[in-house]
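Below are my notes on the model you sent round. Please read them with the coordinates open.

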Amino acid sequence: MKVLLIGATGNLGLRLVAALLTHNHTVVAFVRSAQKLQNLVPESIYRQISVVQGSAKDSDAIKRAILDANCDAVVNTAGVAAMAPWAKGDLPEIFKAVVEGVKDAGEERKKPLRTWFLAGQSVLCYPGTQSMLSDFIPIFLEHRQNLSLLHSLPPNSIDWSLLCPNTMIPSSATITVPASPTSKLSASATVPPSWKDSWVRHVPLLGRRVVCAMNASKYKTTLEQNAEFIAADLEAGQSQWSGKTVGVIDESNV
Ligand SMILES: NC(=O)c1ccc[n+]([C@@H]2O[C@H](COP(=O)([O-])OP(=O)(O)OC[C@H]3O[C@@H](n4cnc5c(N)ncnc54)[C@H](OP(=O)(O)O)[C@@H]3O)[C@@H](O)[C@H]2O)c1
C-alpha cells in the first residue's frame, strides 16, 4: 500500500518507517521537518521514502498530501496525550485535523482510506463491562474524546482502527530495514488481551482500580512490535480490526 505516515520523526513513527518498508509498503512521511527526519534515519532508508513537510494540525495539508501522492492508507502517530486528567496535550487538535483531512480525502477519491490511529490502553474496556479502564484509573483522558470523534463519523467515511497500547519502549535505538524481528503481539478488540481478573474486583470502590493496577505491568510492549503489527495489518488488506479499538500484549506475557 502507499501509506501517509504522519509523525514519522517520533519514537513510534521512526520504527514504522522501517516496518512499513519491510512489509513492502511505499512510505510518504508527513513531518514538520524533513531535515530532522533525515538526521534520524540512515541515508539508505531516507532514499526509499518521500517526504512532505507540514503541520498535522492543518487538515487541508493532510488531505492534499494524501491526494497528491495517491495514498491508500494513513497511519497517524503525531501528537502526544497529556497524562494528568487536568493537563492539556496537543493530541486532540492534531487528531481532529487528521480525521478531517483523511475523511475529506476519502470523499474526494470516493473510497475511504484505511487508517490506523494511536490511543492508549485507557480507552479499552474493563473485560465483562462497558466501563473503560480510565473510569477506574483516570489518566490519558484525551484519548476518550478522540475515540468519541471516531464513533461520531458517518459510516464509510474512514476505515479506521485505534491501536491502544500500554507503555511502549524501544528494543533498539537503531532503525534498520528489514526491521529487526522481535516476538509478536497478541491482540484483541475492545478489551486488553489475557486480562487476569480477581476476586478483589468485588471490593467496593477500590476493587477494580486495584485489579487494573495489578494487570498494568504485563502490557508493556516494544515500539518495534507495535510498528510491525500495524505494517503487517496494512499488508494483509482486509482487516479484522476495522472500526475497533485494539488492545495488545507481548505474546511471551500471555
Ligand atoms: N510512547 C508510549 O509509550 C505510548 C503509549 C501509548 C500510546 N502512545 C501514543 O502513541 C503516539 C506516538 O507516541 P510516540 O512515543 O511515538 O510519540 P513522540 O515520540 O512524542 O512523537 C510524536 C510525533 O508527533 C509529531 N508532531 C507533534 N506535533 C506535530 C504537528 N503539529 N505536525 C506534525 N507532527 C507533529 C512529532 O514531530 P516533531 O519531531 O516535529 O516534534 C513527533 O514525530 C502518541 O499519540 C502517544 O500518545 C504512546
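The points that follow take up the salt bridges, the nonpolar cores, the largest pocket and a few backbone details.

1. Status of the model. This is a predicted model. Residue numbers run from 1 along the chain as its sequence is written.

2. Salt bridges, overall. The structure holds nine salt bridges. Three pairs are taken up in the next points, followed by a network.

3. Glu93 and Lys57. The side chains of Glu93 and Lys57 form a salt bridge with an N to O distance of 3.8 Å. The cut-off for a salt bridge is 4 Å, so the pair at 3.8 Å is counted. This bridge links distant parts of the chain: Glu93 belongs to helix H5 (residues 91–109), while Lys57 sits in the loop between strand E3 (50–53) and helix H4 (59–69), and the two are 36 residues apart. Both ends are partly exposed, Glu93 with a relative accessible area of 49% and Lys57 with 41%. The upper bound of the partly exposed class is 50%, so Glu93, at 49%, is not classed as exposed.

4. Lys63 and Glu108. A salt bridge also joins the side chains of Lys63 and Glu108, at 3.0 Å from N to O. Lys63 is in helix H4 and Glu108 in helix H5, so this pair ties together parts that lie 45 residues apart in sequence. Lys63 has a relative accessible area of 22% and is partly exposed. Residues under 20% are called buried, so the 22% of Lys63 leaves it outside that class.

5. Arg144 and Asp135, and a network. Arg144 and Asp135 meet through their side chains in a salt bridge of 2.9 Å, N to O. Arg144 is partly exposed at 27% relative accessible area, and Asp135 is partly exposed at 38%. Elsewhere, salt bridges that share partners join Arg114, Asp159 and Asp233 into one network.

6. Largest nonpolar core. Which residues touch the most other members of the largest nonpolar core? They are Leu37 and Trp116, in a core of 36 residues. Helix H1 (residues 11–22) gives the most to this core, with eight residues. In soluble globular proteins, nonpolar side chains tend to be buried together.

7. Surroundings of Trp116. Neighbours within four places in sequence aside, the contacts of Trp116 include Val74, Val75, Leu162, Leu163, Phe229, Ile230, Leu234, Trp241 and Val246. Asn76, Ser161 and Asp233 are also among its contacts. Asp233 is thus worth a second look, since Asp233 contacts Trp116 and is also part of the network with Arg114 and Asp159.

8. Second core. A second, separate core has 34 residues, including Ala65, Phe95, Val123 and Leu150. Phe95 is also touched by Asn146, a residue treated in point 10.

9. Largest pocket. The volume of the largest pocket is about 1,200 Å³. Its lining comprises 48 residues, and those nearest the centre are Gly79, Val80, Ala81, His143 and Met168. The elements that give two or more residues to the lining are H1, strand E2 (26–31), H5 and helix H8 (207–216). H8 gives the most, with four residues. By class, the lining has 24 nonpolar, 19 polar and five charged residues.

10. Asn146. Is Asn146 buried or exposed? At 3% relative accessibility, Asn146 counts as buried. Asn146 lies in helix H7 (residues 142–151). Not counting residues up to four places away in sequence, Asn146 touches Leu91, Pro92 and Phe95. Asn146 and Leu162 are 16 residues apart in sequence, with their C-alpha atoms 9.6 Å apart.

11. A cis peptide bond. The peptide bond from Val177 to Pro178 is cis, with omega near 0°. Pro178 is placed in the loop between strand E7 (168–169) and strand E8 (185–189).

12. Positive phi values. Thr190 has phi near 75°, a positive value in a residue other than glycine. Ser194 likewise has a positive phi, near 55°, and is not glycine. Thr190 lies in the loop between E8 and H8, and Ser194 is found in the loop between E8 and H8 as well. Thr190 counts as partly exposed at 38% relative accessibility, and Ser194 is partly exposed at 32%.

Terms used
Predicted model: local features only at pLDDT ≥ 70, side-chain atom pairs only at ≥ 80, totals over all residues. Heavy atoms only, no water. Buried < 20%, exposed > 50% of the residue type's maximum accessible area, 1.4 Å probe, protein only. Core = buried A, V, L, I, M, F, W, Y, C linked by side-chain atoms within 4.5 Å. Contact = heavy atoms within 4.5 Å. 1 Å grid on protein atoms, 1.4 Å probe; cavity = no way out; pocket = protein on both sides within 12 Å on 5 of 7 lines; lining within 4 Å. Points joined across faces, edges and corners; volume = space filled by probe spheres on them. Nonpolar A, V, L, I, M, F, W, Y, C, P; charged D, E, K, R; others polar.
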